Amino acid sequence: DGDIHGSALIVGKWLLCSDIGAAFMSIDGLSHYYVTTKDERALALLTEMIAVFAGIDILRLKTQAHATLCAARGILRLYEETKEERLFSLAQKIWCLYQKHALTLTYQNLNWFSKGETWTEPCAIVDSLILALHLYALGGREEDLMLARRIWHNGMASAQRPNGGAGTDTCVTANVPVLRSDMYEAFFCCTMRLSEGFLWANQYADLLAIPLTGQVKKDDCGRYMDGDLLYAQVIKGDAVVDEKRAVTVNGVRLVPLVKYYLQAEEGIERLQQKILF
């Protein structure tokens, strides 16, 4: 319990961060440190932190997606080093929760678990790409690879801006089917994290290639897709579209998700795309 100050919660002398669970992001960096140095003190701290993290109700607390996925990445890295199956199972559990409760229909993210339509965060989108690729590399599940491809070609690419950086977008759900820019660039975090996503994408480039069938059909969620490529209707803005891939379905012109980095900077806020169901 505490006092509300603006949108923040004050408990005693502490002004609490709205990025719930951010303390556990350090599992990622600490696991990297342990793998590199084999420092047993780091392993002891990691063991304690992961035990606490495993006991948290992610959905009830509405933890931040970026913080949660970042912790899962560290847990998976530690599994690769120690081969403790409980770590792999925990990372998989978090990944399943993310897909069910924080993944948008454009393969981006809700900023917090179970908090509805807020905004996306490219940091979390990159985390999800890396986690999907790492889980596939260690477990070989085709569904993880498929999701990695869809995150890369739809969610992650749509978050990059014309200047090369990354910014937040609207959360596309069945209730809010419009994708548009929310914040032009989160240069203080997301632009930096984007580079790590590019590194992983380059390492797994062959696996991320998507075969196209040339037939745009509805998937199980009602979205129009050609394989792993999501199609949308441009409803506002002077968008640069790939005319060769433009299709007409039920009288509506659809194109693959327009990448923000193809837009002029002054036109990016005007670009809106509607996901049809």
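Helices (H or I, at least four residues) and strands (E, at least two) are DSSP runs, numbered here from the N terminus. The model is predicted, so local features need pLDDT of at least 70 and side-chain atom pairs count only at pLDDT 80 or more, while totals for chains, interfaces and linings use all residues. Residues are numbered from 1 along each chain as its sequence is written, and side-chain values use heavy atoms, leaving out hydrogens and water.

Let us start with Tyr-261, which sits in the loop between strand 9 (252-256) and strand 10 (272-274). Because its relative accessibility is 35%, Tyr-261 counts as partly exposed (buried is under 20% relative accessible area, exposed over 50%, partly exposed in between, with a 1.4 Å probe and protein chains only). Beyond its neighbours within four places in sequence, Tyr-261 is in contact (heavy atoms within 4.5 Å) with Ala-157, Gln-160, Arg-161 and Pro-162.

Next comes helix 2 (residues 40-54), with 15 residues. Its two sets of residues are these:

| Set in helix 2 | Residues |
|---|---|
| Buried | Ala-42, Leu-43, Leu-46, Met-49, Ile-50, Phe-53 |
| Exposed, on the face turned away from the buried side | Glu-40, Arg-41, Glu-48, Ala-51 |

The buried residues of helix 2 fall within an arc of 130 degrees seen down its axis, so they line one face; the arc is that of the directions from the helix axis to the C-beta atoms. Their cover includes helix 1 (26-37), helix 4 (65-82) and helix 5 (85-101).

Definitions and conventions:
Expected span 1.5 Å × (residues − 1).
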